Amino acid sequence: MLDPRRIVVLAAIVLFALSTGMAVASPAKSNAKSKRAAVTATAPPPPAPVEPLPPPKIYLFRGAMGPFFSTGMDRLEEKLTKAGFSADVNEFTICRWIGDRAIASYKETPAPIVLIGHSMGGLCSVIISEMAAKENIPISLVITIDPAHATDDVPLNVERFINIFLSDSVLGGGNVVAVPGFRGHYASYDLKENSRVSHINIEKSDDIHRQIIEMVTQLPRIQPQAQGDTVPLRYLVPGNTLVELWDSGVRVPVRPGDTMESIAAANRVPLWTLAQSNSLAENATLTPGQSIIVPRHLTPPEPAAAMVVPQGRR
């Protein structure tokens with residue numbers, strides 16, 4: 001039987017709790033609430049939405065006697081403009097002046113810069129890239145088309161570089177390489193085995209134009225890749241063959257049962273590209289676990305790959 005005095009004490013405690021609004025909770029519930037409060041207090045804010053890049057500004061450059069021998073650059077400029085891009089074609093003789101304009105424009109309104117040049121215009125594209133590097137300005141894409149032999153190495157601020165050239169060309173033939181430590185995308189295409197391609201028609205290929213426009217269109221939507229996950233490509237393109245303007249390679253692991261042919265088919269690339277980029281025979285035996293360099297598609301390829309062969313000499 002309870003002591004009446006204890007009953008009075010317990011009743012007093014209950015009345016005090018009710019009058020002061022105290023909540024009686026179990027230790028487990030109190031700990032759970034504390035943890036939820038801590039999580040709420042330390043939860044990071046949601047990431048800010050990624051703003052889409054503005055359309056690129058494209059600068060094209062003719063080679064020597066450009067109005068006569070680099071007319072393909074004018075046609076490319078017309079196609080880019082028709083596609084809705086800001087594109088201007090210029091003489092290489094005013095290279096540094098255009099470079100200053102491009103840098104000033106970027107500082108005022110940052111937008112991806114694309115430089116495309118034929119012959120001496122290719123040399124100019126790399127010069128402007130070097131000018132931009134001194135101002136810590138990135139260059140999104142540089143495409144040189146049979147650039148002059150004197151063309152410098154690709155600087156570190158270039159994100160994507162493509163060289164389409166003829167190594168046996170006297171007027172062009174610039175086998176451009178990247179500076180040590182270059183971490184961007186790089187692809188080199190030597191077309192010397194294609195007898196129908198020359199220095200004065202290499203920039204006139206409608207199929208090459210189409211691929212350039214597709215690549216420029218995709219630039220603002222291409223997801224950035226981590227440094228070191230791209231592999232440079234250097235190809236001697238077989239004569240009169242199909243080619244696509246990949247901008248770099250990636251390493252893919254060999255699985256049990258894979259062959260050179262099956263990997264090429266799975267990635268929709270020609271077998272010769274795997275053979276060249278990996279220094280292997282087209283029928284080489286592969287070992288599960290080894291890696292194979294495969295050309296990287298910016299976008300899924302068209303049903304018919306682009307022909308390097310121009311539409312006749314012009």
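What share of the contacts in the protein chain with a separation of 6 or more is accounted for by residues 24 or more positions apart? I looked this up before anything else, and the share is 75%. I note at the outset that the model is predicted.

**Entry 1. The chain as a whole**

I counted nine helices and nine strands in the secondary structure of the protein chain. The chain has 314 residues, and 45% of them count as buried. I then took the accessible area, and about 17000 Å² is exposed, with carbon and sulfur atoms supplying 60% of it.

**Entry 2. Nonpolar cores**

I turned to the largest nonpolar core, which has 48 residues. Within this core, Ile58, Leu60, Ile116 and Tyr189 touch the most other members. Helix H7 (residues 206-218) gives the core its largest share, five residues. I also found another core lying apart from this one; it has 24 residues, including Tyr59, Met131, Ile139 and Val142.

I followed two of the best-connected members further. Ile116 is found in strand S3 (residues 113-118), and it counts as buried because its relative accessibility is 0%. With neighbours within four places in sequence set aside, Ile116 is in contact with Ile58, Tyr59, Leu60, Phe61, Met73, Leu76, Ser125, Ile143, Ile145 and Ile212. For Phe61 I also checked the backbone: its C-alpha atom is separated from that of Ile116 by 6.4 Å, while the two residues are 55 residues apart along the chain.

For Tyr189 I set aside the neighbours within four places in sequence in the same way. The partners left in contact with Tyr189 are Ile162, Asn163, Ile164, Phe165, Tyr235, Val237, Val243, Glu244, Leu245 and Trp246.

**Entry 3. The disulfide**

I searched for disulfides, and the count comes to one. The disulfide joins Cys95 to Cys124, with an S to S distance of 2.3 Å. The pair links distant parts of the chain: Cys95 belongs to helix H5 (residues 95-108) and Cys124 to helix H6 (residues 120-134), 29 residues apart. About the S-S bond I read 100°, and the link is right-handed. Are Cys95 and Cys124 buried or exposed? Both Cys95 and Cys124 are buried.

**Entry 4. Salt bridges**

Side chains of opposite charge can pair when their charged atoms come close. I found 10 salt bridges in the structure and examined several of them.

Arg62 forms a salt bridge with Asp74, and their closest N and O atoms are 2.7 Å apart. Because Arg62 lies in strand S1 (residues 57-62) and Asp74 in helix H4 (residues 71-82), the pair ties together parts that are 12 residues apart in sequence. Arg62 is buried, with a relative accessible area of 12%, whereas Asp74 counts as partly exposed at 22% relative accessibility.

Asp247 forms a salt bridge with Arg296, with the closest N and O atoms 2.9 Å apart. Asp247 lies in the loop between S7 and strand S8 (249-253) and Arg296 in the segment after S9, so this pair ties together parts that are 49 residues apart in sequence. Both Asp247 and Arg296 are buried.

I next recorded Asp258 and Arg255, whose side chains meet in a salt bridge at 3.5 Å, N to O. Asp258 counts as buried at 15% relative accessibility, and Arg255 counts as exposed at 55%. Finally, I traced bridges that share partners and found that Arg62, Asp74 and Glu91 are joined into one network.

**Entry 5. Helix H9**

Why do I describe helix H9 (residues 271-278) as largely enclosed by the rest of the structure? I do so because six of its eight residues are buried. The buried residues in H9 are Trp272, Thr273, Leu274, Ala275, Ser277 and Asn278. Their cover includes strand S7 (233-236), helix H8 (260-266) and strand S9 (291-295). Just after H9 comes Ser279, and I noted that its phi is positive, near 55°.

**Entry 6. A surface patch**

I closed with the surface, where Met65, Phe68, Phe69, Val170, Leu171 and Ile200 form a nonpolar patch. Together these residues have about 670 Å² of accessible area. I looked up one of its members, Phe69, which is found in helix H3 (residues 66-69). Phe69 counts as partly exposed because its relative accessibility is 37%.

Key
Residues are numbered from 1 along each chain as its sequence is written. This is a predicted model: local features need pLDDT of at least 70, side-chain atom pairs count only at pLDDT 80 or more; totals for chains, interfaces and linings use all residues. Side-chain values use heavy atoms; hydrogens and water are left out. Patches are made of residues with over 30% relative accessible area and no salt bridge: like charges are joined within 9 Å, nonpolar side chains (Val, Leu, Ile, Met, Phe, Trp, Tyr) within 5 Å. Accessible areas come from the Shrake-Rupley method with a 1.4 Å probe; for residues, only the protein chains shown count as cover. A salt bridge is a side-chain nitrogen of Lys or Arg within 4 Å of a carboxyl oxygen of Asp or Glu. Helices (H or I, at least four residues) and strands (E, at least two) are DSSP runs, numbered from the N terminus. Buried means under 20% relative accessible area, exposed over 50%, partly exposed in between (1.4 Å probe, protein chains only). A disulfide is a pair of cysteine sulfur atoms within 2.5 Å. A nonpolar core is a set of buried Ala, Val, Leu, Ile, Met, Phe, Trp, Tyr and Cys residues joined through side-chain atoms within 4.5 Å. Contact means heavy atoms within 4.5 Å.
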